[in-house]
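Trainee: Before I use the labels attached to this model, I would like to know what each one rests on.
Mentor: Then ask about them one at a time.

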Amino acid sequence: MKRTIAVSLGALSLTAAGLVGFAPTAGAQTAAPAGVQAGAMHLYQNDNYGGGTYSWTSSDSSFANNYWNHESSAGSVNDGASSMKNTTSQVVRLYQTSGGSCSGDRYTADPKSSDKDLSSNSSNPDFDNKASCVKF
Ligand SMILES: [Ca+2]
Ligand SMILES: [Ca+2]
Ligand SMILES: [Ca+2]
């Protein structure tokens, strides 16, 4: 038992040393730490980024268990999003229908883009109150 603890502590010390050794390099950048996706896909309940909000940094096959502002009393994000901001540097796609690989109408959010009204876009279908699934 004692030996196991000593080994664990040794591993912790190594980890700590590794982090300290890495710090000067990380300090040179102002962006997110390495390995963490910079930015997120933000959805808003109303037009013009109003009402509740919710953010994703990776794919989610169903919005049914996601609630505006993380408050269940605020209601499910499913079929409620009316505006969006994609602050990632990659294309993020929203889909009409939830499920494993998402399906139905698709809304394409360009990298570093925003849309204050998910309806009335020439390059995307009317997507007001439709989003149920997101893929990065
Ligand atoms: Ca979900
Ligand atoms: Ca809405
Ligand atoms: Ca839907």
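The dialogue below goes through the labels and their criteria.

Trainee: What kind of model is this, and how are its parts numbered?
Mentor: This is a predicted model, in which local features need pLDDT of at least 70 and side-chain atom pairs count only at pLDDT 80 or more, while totals for chains, interfaces and linings use all residues. Residues are numbered from 1 along each chain as its sequence is written, and chains are lettered from A and ligands numbered from 1 in the order in which they are written.

Trainee: What is the average pLDDT of the protein, and where is it below 50?
Mentor: The predictor's confidence in each residue, pLDDT, runs from 0 to 100. The protein averages 84, and 73% of the residues score at least 70. Over residues 25–29 the value is below 50, and this stretch has 1 contact in the model beyond near neighbours in sequence. A contact here requires the C-beta atoms of two residues, placed from the backbone, to lie within 7 Å. Where pLDDT is low, the predicted coordinates should not be read in detail.

Trainee: What makes something a helix or a strand here, and how many of each are there?
Mentor: Both are DSSP runs, numbered from the N terminus: a helix is H or I over at least four residues, a strand is E over at least two. The protein has 1 helix and 7 strands, and from the N terminus on the elements run α-β-β-β-β-β-β-β.

Trainee: How do you know that β3 and β6 are paired?
Mentor: Two strands pair if DSSP finds at least two bridges between them. Strand β3 (residues 83–86) is joined to β6 by 3 bridges, so the criterion is met, and the two run antiparallel. Within this pair, Lys85 stands opposite Ser114 in β6.

Trainee: Which sheet holds that pair, and which strands are its edges?
Mentor: The pair belongs to an open sheet of 4 strands with antiparallel pairing, in the order β2-β1-β3-β6. Strands β2 (50–56) and β6 (113–115) are called edges because each pairs on one side only.

Trainee: What makes β5, β4 and β7 a sheet?
Mentor: The bridges do: 5 of them join β4 to β5, and 3 join β4 to β7. Both counts reach the minimum of two, so both pairs qualify. Among the bridge partners, Arg93 has Thr108 in β5 and Leu94 has Val134 in β7. The result is an open sheet of 3 strands in the order β5-β4-β7, with antiparallel pairing. Its edge strands are β5 and β7. In the hairpin of β4 and β5, with 5 residues between the strands, Gly99 takes a positive phi near 130 degrees.

Trainee: Why is Ser120 called exposed?
Mentor: A residue is buried if 20 or more other C-beta atoms lie within 10 Å of its own, exposed if 12 or fewer, and partly exposed in between, with C-beta atoms placed from the backbone. Ser120 has 10 such neighbours, so the label is exposed. Ser120 lies in the loop between β6 and β7, and its phi is near 60 degrees, a positive value in a residue other than glycine.

Trainee: Why is Asn129 called partly exposed?
Mentor: Asn129 has 13 C-beta neighbours inside 10 Å, and therefore falls in the partly exposed class. Asn129 is also in the loop between β6 and β7, and has a positive phi of about 55 degrees although it is not a glycine.

Trainee: Which class does Ser114 fall in, and what does Ser114 touch?
Mentor: With 14 other C-beta atoms within 10 Å, Ser114 is partly exposed. Not counting residues up to four places away in sequence, Ser114 touches Met84 and Lys85.

Trainee: What makes a set of residues a nonpolar core?
Mentor: The members must be buried Ala, Val, Leu, Ile, Met, Phe, Trp, Tyr and Cys residues, joined through C-beta atoms within 7 Å. The largest core here has 21 residues, and Met41, Leu43 and Leu94 are among those with the most contacts inside it. Strands β1 (41–46), β2, β4 (92–97), β5 (103–109) and β7 (133–135) each supply at least two residues of this core. Leaving aside neighbours within four places in sequence, Leu94 is in contact with Tyr107, Ala109, Phe127, Ala131 and Val134.
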